[in-house]
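Reader: I am new to this structure and would like to look closely at a single part of it. Please start from one residue, then move to the part you find easiest to follow, and explain your terms as you go.

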Amino acid sequence: MSFVVRCAAVSVTLVVIIAALGGKAAAQSDAYARAASSDSTTRSQAATELALDPNQRAVEMLLVLLERDVDPQVRLSAVRALEKRRDPDLAEVLQAASVRDPSPQVRALAAQAYKRLWALTKKPKTAAGLS
């Protein structure tokens, strides 16, 4: 099954969820639907919006965009969005993208994002006996 077909199936599922939830959830879910669009510009914009969504589903969608999207601009947007979340748990995913992604631009940005997120995992050193 192709990425576009899978995205279309995700879009249909999201439309049903949007209809059931309504209100604020509907606005957030619009970004999920746009992430499954056949237009790469729309998917890039959706990735930017998903960076601000506190829901774990947003992270999952961003990971799909990073790992499976055919357009390097979408993957760049996903890297930026994942970094913007400032979640050190995402550092390993970005490290993997910095090595495996076919695009040199995505690899470079993922490496920078990895370094910045990895720095968040470091705890400040305290003097002996102080805590």
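**From one residue to one helix**

Author: With 33% relative accessibility, aspartate 30 counts as partly exposed (buried is under 20% relative accessible area, exposed is over 50% and partly exposed lies in between, for a 1.4 Å probe and protein chains only). Please keep in mind that this is a predicted model, where local features need pLDDT of at least 70 and side-chain atom pairs count only at pLDDT 80 or more, while totals for chains, interfaces and linings use all residues. Residues are numbered from 1 along each chain as its sequence is written, and side-chain values use heavy atoms, without hydrogens or water.

Aspartate 30 belongs to helix H2 (helices are DSSP runs of H or I with at least four residues, strands are runs of E with at least two, and both are numbered from the N terminus). Its C-alpha atom is 9.9 Å from that of leucine 50, although the two residues are 20 apart along the chain. In the whole protein there are 7 helices and 0 strands. Of its 131 residues, 39% count as buried.

Now to the part I suggest for a close look: helix H7. This helix covers residues 104-121, and at 1.5 Å a residue its 18 residues should span 26 Å; the C-alpha atoms at its ends are 26 Å apart, which agrees (the expected span is 1.5 Å times one less than the number of residues). Buried in H7 are Val106, Leu109, Ala110, Ala113, Tyr114 and Leu117. Viewed down the axis of H7, these buried residues fall within an arc of 145°, so they line one face of the helix (the arc is taken from the directions between the helix axis and the C-beta atoms). The background is that an α-helix has 3.6 residues a turn, so residues three or four places apart point the same way.

What do the buried residues of H7 pack against? Their partners are helix H4 (56-68), helix H5 (72-84) and helix H6 (91-100), with contact meaning heavy atoms within 4.5 Å. One residue on the buried list, Tyr114, shares H7 with tryptophan 118, 4 residues away, about one turn of the helix. Tryptophan 118 itself counts as partly exposed, at 41% relative accessibility.

Leucine 82 lets you follow Leu117 to its surroundings: leaving out residues up to four places away in sequence, leucine 82 touches Leu62, Leu63, Leu66, Leu90, Leu94 and Leu117. Leu82 also has a place in the largest nonpolar core, a set of 30 residues where Leu50, Leu66, Val79, Leu82 and Leu94 touch the most other members (a nonpolar core is a set of buried Ala, Val, Leu, Ile, Met, Phe, Trp, Tyr and Cys residues joined through side-chain atoms within 4.5 Å). Two or more residues of this core come from each of helix H2 (23-35), helix H3 (40-50), H4, H5, H6 and H7. H4 gives the most, with 7 residues.

For one more stop, look at serine 77 in helix H5. Serine 77 is buried, at a relative accessible area of 10%. Its C-alpha atom lies 5.9 Å from that of alanine 47, 30 residues away in sequence. Neighbours within four places aside, serine 77 is in contact with Ser44 and Ala47.

Finally, step out to the loop between H5 and H6, where arginine 86 sits. Arginine 86 is exposed, with a relative accessible area of 55%, and has a positive phi of about 55° although it is not a glycine.
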